[in-house]
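Open the structure in your viewer and keep the sequence panel beside it. Each stop below names a selection and then says what is there.

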Amino acid sequence: MDFTRLVMENRSRRRFRQDKPVDRETLEQLVALARYVPSARNMQPLKFRIVNEPELCARVFDTLAWAGYLGGWKPAEGERPAAYVVICNDRRLAENSLWDQGITAQTLMLGATERSLGGCIVAAIRKKELAQALRLDASLEPVLVLALGYPDETVEVVGMRDGDVKYYRDENGTHYVPKRSMDELLIK
């Protein structure tokens with residue numbers, strides 16, 4: 001897949017084929033991409049916890065908030081992620097890893113898209129509960145969770161109307177994501 005198409009296919013997806021597992025090898029291949037991304041001051045403070053066991057996936061799911069614009073909606077049983085990559089900041093290496101988090105999460109999501117997976121970068125995390133569920137060392141702070149699986153929804157990009165950034169769904173469940181026009185992006 002060429003890069004432009006890869007970027008355009010890489011949408012936030014929130015409904016999955018929960019019955020179709022994502023194997024550990026694929027998840028490790030995605031995490032391996034993180035070794036090659038730029039890192040502020042080259043500190044490389046991010047660590048990763050792979051989760052693809054159904055029982056543990058359920059525990060991770062319960063620590064996340066989903067789709068704020070959809071008013072409390074969350075994926076139903078059967079359409080939840082089949083796997084997660086929990087991105088943690090190792091505070092022994094750096095207190096702040098904001099730039100690294102974004103670069104790394106996007107790189108992993110592009111890798112997932114290339115492998116026909118869908119996903120959503122989730123930052124609305126009950127961090128303490130998640131750390132307990134995963135038995136993380138106290139030095140590891142969960143900062144982002146990549147919810148992953150084989151997608152089971154249609155996501156369409158549409159033009160933004162009247163500056164409204166809120167995504168929405170139609171009666172058929174198609175998920176629409178408003179995007180700014182090029183005229184709004186370019187400074188003249």
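The tour goes from the sheet to the helices and ends with the salt bridges. The model is a predicted one.

**The sheet**

Start by selecting the four strands, which form an open sheet in the order β1-β2-β4-β3 with antiparallel pairing. Strands of a sheet pair through backbone hydrogen bonds, either parallel or antiparallel. The edges are taken by β1 (46-51) and β3 (118-122). Each of these has a single partner strand, so one side of each has no neighbour in the sheet. On average, neighbouring strands are turned by 25° against each other, direction ignored.

Next, select β3 together with β4 (residues 140-149). How many bridges join β3 and β4? The two strands pair in the antiparallel sense over five bridges. To see one partnership in this pair, pick Ile 121, whose bridge partner in β4 is Leu 146.

**Across the sheet: α2**

Add helix α2, residues 24-33. This helix lies across β1, β2 (83-90) and β4. Relative to β1, α2 runs at about 165°.

**Helix α4 and Thr 104**

Now select helix α4, residues 98-114, and within it Thr 104. Is Thr 104 buried or exposed? Thr 104 counts as buried because its relative accessibility is 3%, and the cut-off for buried is under 20%. Show the contacts of Thr 104, leaving aside neighbours within four places in sequence: they are Ala 34, Val 37, Leu 46 and Phe 48.

**Helix α5**

Move to α5, residues 127-134. Colour its buried residues, which are Leu 130, Ala 131, Ala 133 and Leu 134. Looking down the axis of α5, you will find these buried residues within an arc of 160°, so they line one face of the helix. Which elements cover the buried residues of α5? The cover includes β1, α3 (54-61), β2 and β4.

Turn to the face of α5 that points away from its buried side, where the exposed residues Lys 128 and Gln 132 are carried. Then step past the end of the helix to Arg 135, which follows α5 and has a positive phi, near 55°.

**Salt bridges**

Side chains of opposite charge can pair when their charged atoms come close. A search of the whole structure finds twelve salt bridges; the stops below include three pairs and a network.

- Select Arg 92 and Asp 90. They form a salt bridge in which the closest N and O atoms are 2.8 Å apart. Arg 92 is exposed, with a relative accessible area of 59%, whereas Asp 90 is buried, with a relative accessible area of 1%.
- Select Arg 126 and Glu 129. Their side chains meet in a salt bridge at 3.0 Å, N to O. Arg 126 is partly exposed at a relative accessible area of 39%, and Glu 129 is partly exposed with a value of 39%.
- Select Arg 17 and Asp 19. The N to O distance in this salt bridge is 3.4 Å. Arg 17 counts as partly exposed at 35% relative accessibility, while Asp 19 counts as exposed at 59%.
- Finish with Arg 15, Glu 153 and Arg 169, which are linked in a network of salt bridges.

Terms used
Residues are numbered from 1 along each chain as its sequence is written. This is a predicted model: local features need pLDDT of at least 70, side-chain atom pairs count only at pLDDT 80 or more; totals for chains, interfaces and linings use all residues. Side-chain values use heavy atoms; hydrogens and water are left out. Buried means under 20% relative accessible area, exposed over 50%, partly exposed in between (1.4 Å probe, protein chains only). Contact means heavy atoms within 4.5 Å. Two strands pair if DSSP finds at least two bridges between them. Axes are lines fitted to C-alpha atoms, for helices over the stretch in contact, and angles run from 0 to 180 degrees between N-to-C directions. The arc is that of the directions from the helix axis to the C-beta atoms. A salt bridge is a side-chain nitrogen of Lys or Arg within 4 Å of a carboxyl oxygen of Asp or Glu.
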